[in-house]
Amino acid sequence: MILGILAVLVAIGVWAWRLQAAKRGLDAAAEIAKTAANAPRRFAFKFKMGLGGLDLIEDPREAAAIMMMQVALARGGALTILQGDIIEAEIRETFRTTPGEAEELAAHAAWVCQSCPPAQDTMTRLSKLVVNAPQLGPKEVVDLDAMLVAVSEAEGLPTRSQLRLLQVYRDMAGLKT
């Protein structure tokens, strides 16, 4: 009788140990599945962390704001209040944004410009993005040229540096000067 009770207790112990081992295996499998499910997001984050400033720009509106900021800064010195106001007005009117959104986009453009490569390289890269954007047509390409001109003329006649940047965009867009 005692031997039978002992056998039952040993059997219960063995099964409890097996169930616990199975649970640990299931927990490990669930953790692996969770890690695999998060892999694309994790790899995308690591990829983006390896990129910098301009490499992250995908939105043509963001590219246009940065291009306007580059044209304004090409005059030399810091961005003036008038230049900033014109950039925000162009963003509001052309992109149909609220004043707050226009201000945020202009501030973001100013921040990105702090770590951009030389202005001509920046204009070339962003011009390619804008010109090749599938959602933009010829009208939007010409509209951006007018926006860039408005910014370049904010403080009077455009400087040679500003004219060079305008020419970079026009060459990339196939616009006649």
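**Exercise 1.** Does Ala154 count as buried or exposed, and what is the relative accessibility of Ala154?

*Solution.* The model is predicted, and every value below is computed from it. Begin with the position in the chain: Ala154 lies in the loop between α6 and α7. Next, take the accessibility, which is 11% for Ala154. Since buried means under 20% relative accessible area, Ala154 counts as buried. Then look for the residues around it: leaving aside neighbours within four places in sequence, Ala154 is in contact with Leu82, Gln83 and Ile86. Finally, consider the separation in space from a residue of distant sequence position, for the C-alpha atoms of Ala154 and Ile87 are separated by 9.3 Å although the two residues are 67 residues apart along the chain.

**Exercise 2.** Work out where Asp55 is placed and whether Asp55 is buried, partly exposed or exposed.

*Solution.* The place of Asp55 is in the loop between α1, which spans 2–50, and α2. The relative accessible area of Asp55 is 39%; because buried means under 20% and exposed over 50%, Asp55 is partly exposed. As a last step, compare sequence with space: Asp55 and Arg125 are 70 residues apart in sequence, and their C-alpha atoms are 9.4 Å apart.

**Exercise 3.** Identify which residues touch the most other members of the largest nonpolar core, and which elements supply that core.

*Solution.* The largest nonpolar core holds 36 residues, of which Ile91, Leu148 and Tyr169 touch the most other members. Two or more residues are given to this core by each of α2 (60–73), α3 (81–95), α4 (99–113), α5 (119–132), α6 (138–152) and α7 (160–173). The largest share, 9 residues, comes from α2. To see the surroundings of one central member, take Ile91, which, leaving aside neighbours within four places in sequence, is in contact with Ala65, Met68, Arg96, Thr97, Ala102, Leu105, Ala106 and Met147.

**Exercise 4.** Describe how α2 packs against α3, giving the angle, the direction and the residues in contact.

*Solution.* The angle between α2 and α3 is about 155°, and their axes are 10 Å apart. Because angles over 145 degrees count as roughly antiparallel, α2 is roughly antiparallel to α3. The crossing of these two helices is right-handed. From α2 the contact is made by Arg61, Ala64, Ala65, Met68, Met69 and Ala72, and from α3 by Gln83, Ile87, Glu90, Ile91 and Phe95. Sorted by character, the residues of this contact are 8 nonpolar, 1 polar and 2 charged.

**Exercise 5.** Set out the packing of α2 with α4, and state what kinds of residue make the contact.

*Solution.* Here α2 and α4 pack at an angle of about 65°, with their axes 9 Å apart, and α2 passes α4 in a right-handed crossing. On the α2 side, the residues in contact include Arg61, Ala65 and Met69, while those of α4 include Leu105, Ala106 and His108. The contact divides into 10 nonpolar, 2 polar and 2 charged residues.

**Exercise 6.** Determine whether α5 and α7 run roughly parallel or roughly antiparallel.

*Solution.* The axes of α5 and α7 come within 9 Å and cross at roughly 30°. Because angles under 35 degrees count as roughly parallel, α5 is roughly parallel to α7, and the crossing is right-handed. Among the residues that make the contact are Met123, Ser127 and Val131 of α5 and Leu165, Tyr169 and Met172 of α7. By class, the residues of this contact are 9 nonpolar, 3 polar and 2 charged.

Technical notes: Residues are numbered from 1 along each chain as its sequence is written. This is a predicted model: local features need pLDDT of at least 70, side-chain atom pairs count only at pLDDT 80 or more; totals for chains, interfaces and linings use all residues. Side-chain values use heavy atoms; hydrogens and water are left out. A nonpolar core is a set of buried Ala, Val, Leu, Ile, Met, Phe, Trp, Tyr and Cys residues joined through side-chain atoms within 4.5 Å. Buried means under 20% relative accessible area, exposed over 50%, partly exposed in between (1.4 Å probe, protein chains only). Helices (H or I, at least four residues) and strands (E, at least two) are DSSP runs, numbered from the N terminus. Contact means heavy atoms within 4.5 Å. Axes are lines fitted to C-alpha atoms, for helices over the stretch in contact, and angles run from 0 to 180 degrees between N-to-C directions. Angles under 35 degrees count as roughly parallel, over 145 as roughly antiparallel, 65 to 115 as roughly perpendicular and the rest as oblique. A crossing is left-handed if the near helix is turned anticlockwise from the far one by less than a right angle, and right-handed if clockwise. Ala, Val, Leu, Ile, Met, Phe, Trp, Tyr, Cys and Pro count as nonpolar, Asp, Glu, Lys and Arg as charged, and the others, Gly among them, as polar.
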